[in-house]
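Colleague: I would like to go through this protein with you. Could you put it on the screen?

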Amino acid sequence: MPSSRLTLICHARTIAQKLARFPTNEPVEDLPVASDTLKARFASPRRLICAPELRTRQTAAGFGVDAQVEPALRDCDWGRWHGQSIKDLQTNEADALQAWLADPEAAPHGGESVRQLTERVSMWLDTIAATPGHVVAVTHPFVIRAALMQVLQGAAFNAIDVEPLAMIELRFNGIWRLRLPGMDLEEGF
């Protein structure tokens with residue numbers, strides 16, 4: 001049976017991320033990596049796809065080829081929280097923010113719940129699993145989280161491969177958090 005391979009890449013940093021704000025359709029700050037570096041890291045044959053937002057299309061353009069836009073990779077619909085800072089929500093909508101953080105069904109912002117996002121990503125992963133070959137997908141942190149949750153469900157222990165010299169970062173700040181470090185663009189790959 002031919003295998004499917006999926007490489008998920010988070011878009012480059014935006015001002016909203018730096019300011020701890022829910023995103024809008026903002027551009028990336030800059031893409032400080034040369035397209036030849038990206039092309040070499042993810043050599044052909046592979047299919048390049050990206051979410052429809054500007055920040056993912058700009059990041060995908062760093063590969064030097066046109067990416068196919070995949071609507072299923074779009075960011076979570078943040079409803080009226082688009083562009084708002086976490087700090088402001090903690091002050092002005094603390095109960096709504098807490099409900100959203102605690103309940104995957106909650107959508108107090110009037111947009112998409114975590115459960116809805118996860119279901120959308122799960123259906124998309126099914127299409128990738130049915131398509132042999134390597135897909136490189138540029139998308140958003142929440143979409144990547146949703147994909148990881150699908151992979152880690154159930155028998156998570158046996159669904160994790162740890163390659164030689166692999167690194168994973170765990171941080172504790174009241175709860176354990178998994179951190180997947182990005183590329184160190186100063187040192188290359």
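Modeller: We shall discuss the overall make-up, then one helix, then the cysteines.
This is a predicted model, in which local features need pLDDT of at least 70 and side-chain atom pairs count only at pLDDT 80 or more, while totals for chains, interfaces and linings use all residues. Residues are numbered from 1 along each chain as its sequence is written, and side-chain values use heavy atoms, with hydrogens and water left out.

Colleague: How many helices and strands are there?

Modeller: The protein has 7 helices and 6 strands. These are DSSP runs, numbered from the N terminus: helices are H or I with at least four residues, strands E with at least two. Their order from the N terminus is β-α-α-β-α-β-α-α-α-β-α-β-β.

Colleague: What share of the residues is buried?

Modeller: Of the 189 residues, 32% are buried (under 20% relative accessible area; exposed is over 50%, partly exposed in between, with a 1.4 Å probe and protein chains only).

Colleague: Which residues of α7 are buried?

Modeller: They are F142, V143, I144, A146 and A147. These buried residues pack against β1 (4–10), α5 (94–102), α6 (114–129) and β4 (133–139), where contact means heavy atoms within 4.5 Å.

Colleague: Changing topic, how many disulfides are there?

Modeller: The count is 0, a disulfide being a pair of cysteine sulfur atoms within 2.5 Å.

Colleague: And C76, buried or exposed?

Modeller: C76 is buried, because its relative accessible area is 2%. C10 has 32% relative accessibility, so C10 counts as partly exposed.
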